[in-house]
Amino acid sequence: MSKERFSIPATPKDFRFPMGDFKLKFLLIFTLCLFGFPSPLLSQREPALEWHLLYLKIRDRLIGKEEAQRQLRQLEFLLKKTYPKNLKKGTEDRLCFPLKGNTPTSIGGKQGSGYKPEGYDFFDGDQHKGHPGHNLFIRDKNQDGLDDDTGKPVEVLSASLGIVVSANLNWKPPSAVRGGNYVWIYDPMKDRYYYYAHLNEVIVRVGQMVLRGVCLGTVGRTGLNAYRKKSSTHLHFTVHHSVEGSPTPIDPYHELISSLLK
Ligand SMILES: [Zn+2]
């Protein structure tokens, strides 16, 4: 047995190997980060923010239907993948009535007649036809946006759980945006979008997760038609079901009738 077998390597040449190994590891990690390793810094997308930006293009007719649908399909996939595990579903499946302190008697029209989906296409944006939702009116004869009985603003509550995927906050006339200050919420459990329009104040932000019954803001008179004198103060409420990036309106009338009141 020679002594050299147990000697500590001392020449500079002997130290090159560990350095080379380190470089290899670095290269491997760097490559993984670039191509698919779930690095929080390099590969994380923000599907809610992307949805918001895409919606602005749809709303303002700056993108074709096919391309918008393709992007929406991908974003819905990402939204489902990213968020549902953090959301509490609970056993209660009913919607929450979106106007605090109000009841389904505030639904406009006769027995849900305000819902007119004929000719409507989500991808027509602000140029869409029909009225694929319900107007929920508050008691506001003098049109100051406050409840005539309480003298206070009326809170808009989230009908469902979900992710805030778009919010418009600073509508002012003469902006032609029809929804004024609005909120879009995606429910990844039910593949649904909820749209709340004409709010005064919006207190939620894009990317935020909400539970059913959470306050989204207050009823207002914002939006191209809603701010005019001829319009009574109301919340516009629309529900879409979406499969493969194709939001289609559904009539929530019966769900509103049997909803939870707060
Ligand atoms: Zn409406």
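Analyst: Ground rule before we start: two residues are in contact if their C-beta atoms, placed from the backbone, lie within 7 Å of each other. And keep in mind that this is a predicted model.

User: Fine. Which residues is V164 in contact with, leaving aside its neighbours within four places in sequence?

Analyst: A48, V183, I185, V204, R205, V206, G207, Q208 and V210. V164 also turns up in the largest nonpolar core, which has 46 residues. V164, V165, V183, I185 and Y196 touch the most other members there.

User: What supplies this core?

Analyst: At least two residues each come from α2 (47–59), α3, β2 (155–157), β3 (162–167), β4 (181–187), β5 (192–202), β7 (215–219) and β8 (234–243). The largest share, 7 residues, belongs to β5. As background, nonpolar side chains in soluble globular proteins tend to be buried together.

User: Why is H131 called partly exposed?

Analyst: Count its neighbours: H131 has 19 C-beta neighbours inside 10 Å. Buried takes 20 or more, and exposed means 12 or fewer. So 19 falls in between, and H131 is partly exposed.

User: Where is H131, and what is it in contact with beyond four places in sequence?

Analyst: H131 is in the loop between α3 (65–82) and β1 (133–137). Beyond those sequence neighbours, its contacts are G114 and K116. K116 is 15 residues away in sequence, yet the C-alpha to C-alpha distance is 4.8 Å.

User: How do you know that the span of α3 agrees with its 18 residues?

Analyst: Work it out at 1.5 Å a residue, using one less than the number of residues. For the 18 residues of α3 that gives an expected 26 Å, and the end C-alpha atoms are 25 Å apart, so the two agree.

User: And what makes L72, L75, E76 and L79 sit on the same side of α3?

Analyst: These four are buried. They cover an arc of only 110° around the axis, which puts them on the same side of the helix. E66, E67 and K81, on the other side of α3, are exposed. The cover over the buried residues of α3 includes α2, β3, β4 and β8.

User: How many helices and strands does the chain have?

Analyst: 4 helices and 9 strands, in the order α-α-α-β-β-β-β-β-β-β-β-β-α. Of its 262 residues, 33% count as buried. Looking at contacts between residues at least 6 apart in sequence, 67% join residues at least 24 apart.

Methods:
Residues numbered from 1 in each chain as written. Predicted model: local features only at pLDDT ≥ 70, side-chain atom pairs only at ≥ 80, totals over all residues. Core = buried A, V, L, I, M, F, W, Y, C linked by C-beta atoms within 7 Å. Arc of directions from axis to C-beta.
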